Amino acid sequence: MFTEILGNAALRCAENNSGNESDYVKDGLIYCGLCDTPKQVRIKVFGKTMTVFCDCHCQHKEYTHQQNILHEQEKSLAVSNLRNSAIPNRTMHSWTFDNDNGSTPKLISTAKRYVNGWEEMRAKNIGLCLFGNVGTGKTYAAACIANALIDRGIRVVMTDFSRVINAMQSFDTKDKNGYIDDICSCDLLILDDLGAERQSEYALQICEQVIDERAKNKKPLILTTNIPLETIKNPPDMKYARMYSRILEMTVPVQSSGTDKRRRTHEDNMKWAKEYFSGP
Ligand SMILES: [Zn+2]
């Protein structure tokens, strides 16, 4: 039985062992002409000496190389699957530190620090609240954090309350709780654009539920919002007080003060159009 298994393995090795012209025989064993190491080995099985094929150095190197390629392909597929389920907005998949245009250096540097210190952020349950005007790169910075951590195989969910509220409306009670558990149990939850969802009692109730559940999970939360920090600290409408106070407990406020990316793009377009129409 054992001899048979060994024989089969040697046979497989022999099949892979394509000889080349420079191979030679030394001491009764075939040697590789390229790396000068044996392609055969003598083994003793139950007192009987057998000569079987084995990998020479260069074949072993090639095998390891192929295995590494396969491993990288598997890893890249796993990361791609992770990203697809983590960030439903596909446009944001390319919002990375590498693709950053440098318009909000301070914010991007904060985002990089968060990623570099991730283990500690996770252990100490520290989140961020990126606040500032529309189009100042908050969502971009948050997506950079998400993509960089996903590359490291970390489970991230990046969504927004409008999406959560819409999803919740389509579920029955049991599925609703399952859905909230799902998004709140990941390693990092990013909720984009707090305050942009429709303002109703029902919407507020869902936002509160998600933030409460996340707080219970003791895992970090990153928020982006156009709501001024002053309003979060001193809400004029008391119905938001509880949720805002939770947010302040869970996150470090970070001001984004870049120029309005959307307006700048529009300004660029207008500049281009003026030149275009003033041409001959
Ligand atoms: Zn060789």
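Helices and strands here are DSSP runs, with at least four residues for a helix and at least two for a strand, numbered from the N terminus. Keep in mind that you're working with a predicted model.

**Exercise 1.** Work out how many helices and strands the protein has, and whether it is compact or spread out.

*Solution.* Start with the tally: the secondary structure comes to 11 helices and nine strands. Next, take the radius of gyration, which is 29 Å, and set it against the 19 Å that the globule rule gives for 280 residues. The protein's value is well over that, so the protein is more spread out than a compact globule. To finish, look at the C-alpha trace, which spans about 90 × 65 × 35 Å along its principal axes.

**Exercise 2.** Find out which strand pairs with strand 3, and how they run.

*Solution.* Strand 4 (residues 48-53) is the partner: six bridges join it to strand 3, and the two run antiparallel. For one facing pair, check lysine 44, which stands opposite threonine 49 in strand 4. Now go to the hairpin these strands make: two residues sit between them, and phenylalanine 46 has a positive phi near 45 degrees.

**Exercise 3.** Decide whether valine 41 is buried, partly exposed or exposed, and name its contacts beyond four places in sequence.

*Solution.* First, place valine 41: it's in strand 3. Strand 3 (residues 40-45) has zero buried residues out of six, so the strand lies largely in the open. Then count neighbours: buried needs 20 or more and exposed means 12 or fewer. Valine 41 has 14 C-beta neighbours inside 10 Å, so it counts as partly exposed. Last, valine 41 is in contact with Val52 and Cys54.

How values were computed: Residues numbered from 1 in each chain as written. Predicted model: local features only at pLDDT ≥ 70, side-chain atom pairs only at ≥ 80, totals over all residues. Pairing = 2+ DSSP bridges. Rg over C-alpha atoms; globule rule 2.2 N^0.38 Å. Contact = placed C-beta atoms within 7 Å.
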